[in-house]
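Trainee: Could you walk me through reading a model like this one? I'd like to go feature by feature.

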Amino acid sequence: MNESDSIRVRDLRKSFKATEVLKGVDFEVRRGEIFALLGSNGAGKTTIINILSTLLKPGSGEVSVCGFDVVRQADDVRQNISVTGQFAAVDGILTGRENLVLIAKLRGITDPRRTADNLLDRFGLSEAADRRADTYSGGMVRRLDIAMSLVGTPSVIFLDEPTTGLDPEARLEVWKTVRELAQGGATILLTTQYLNEAEHLADRIAILHGGKIIANGTLDELKKLFPPARVEYVEKQPSLEEIFLAIIGKKEAVS
């Protein structure tokens, strides 16, 4: 494993009964970068997140996070990561502060209240700290959910479709939070169905299709896989959505 890599995946395979979902997935994520994993519903994005976070065992292949094997050194992996799933893990009956204090106590933090207060301030939730979480807006709930996952300052953060179901304003709030986390040195693996989300946030983007990574690179590198722009009055650059659909279409034509 390259010392600059936080995540390394080689020939990852996973089947559920007779269905092979992952058919030899390869990628790596460097320290401190935002890496977006794109794919249609059922492509296997959440399966990859679950394997990387030790919630699911791989069928075969080599998978490591922060230099630790996800099967043989699962406890070490868990000490270095946090996971924010598609659905918020916030207890609506508790206040924002109580949610954070609870997680801090479960993680054995020596001063859980100070930890909670620091995170509330960092995520702009101090004024709502003593309100029940079920009174929060969608964006506030998502920010609280991400704040809870940061108790203990993890090195690697997995965000599985973090803005699903949020309105545009709330989505922008989460985007701002993700950028700040990366600027603070965290490595972030983001799965999303919103292609403009990956376009705005990711340092590198991988496209998962047919159980494999069929394209991987920066947005500029992926643009080179798209047919040259047709010059009319203004040269129009392709959007990530157009690139994604073109790459998927090429793959299906070859299959």
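**Cores, sheet and a buried acid**

Mentor: Sure, let's start with the cores. This is a predicted model. Its largest nonpolar core has 50 residues, and those with the most contacts inside it are Leu38, Leu100, Phe123, Leu144, Ile188, Ile205 and Leu240.

Trainee: Which residues does Leu240 touch?

Mentor: Setting aside residues up to four places away in sequence, Leu240 touches Leu38, Leu195, Ala198, Glu199, Ile205, Leu219 and Leu222. There's also a second, separate core of 26 residues, with Ile49, Ile51, Val63 and Leu189 among them.

Trainee: Now the sheet. In what order do the 4 strands run?

Mentor: Strands of a sheet pair through backbone hydrogen bonds, parallel or antiparallel. Here the order is β2-β1-β4-β5, in an open sheet with antiparallel pairing. β2 (19-30) and β5 (68-69) each have a single partner strand, so one side of each is left without a neighbour in the sheet. Further in, β1 (residues 5-16) pairs with β4 (residues 60-65) over 5 bridges, and Arg10 sits opposite Glu62 in β4.

Trainee: And Asp160, is that buried or exposed?

Mentor: Buried, and with no salt bridge. A salt bridge needs the charged atoms within 4 Å, whereas the nearest side chain of opposite charge, Lys45, is 6.6 Å away from Asp160.

Trainee: What does the side chain of Asp160 make polar contacts with?

Mentor: Two threonine side chains: Thr46 at 2.9 Å and Thr191 at 2.5 Å. Asp160 lies in strand β7 (residues 156-160). Beyond four places in sequence, its contacts also include Ile49, Thr84, Gly85, Gln86 and Arg142.

Definitions and conventions: Residues are numbered from 1 along each chain as its sequence is written. This is a predicted model: local features need pLDDT of at least 70, side-chain atom pairs count only at pLDDT 80 or more; totals for chains, interfaces and linings use all residues. Side-chain values use heavy atoms; hydrogens and water are left out. Helices (H or I, at least four residues) and strands (E, at least two) are DSSP runs, numbered from the N terminus. Buried means under 20% relative accessible area, exposed over 50%, partly exposed in between (1.4 Å probe, protein chains only). Lys and Arg count as positive and Asp and Glu as negative; His and the chain ends are not counted. A polar contact is a pair of N or O atoms within 3.5 Å; within protein, one must be able to donate a hydrogen and the other to accept it, and residues adjacent in sequence count only if both atoms are side-chain atoms. Contact means heavy atoms within 4.5 Å. Two strands pair if DSSP finds at least two bridges between them. A nonpolar core is a set of buried Ala, Val, Leu, Ile, Met, Phe, Trp, Tyr and Cys residues joined through side-chain atoms within 4.5 Å.
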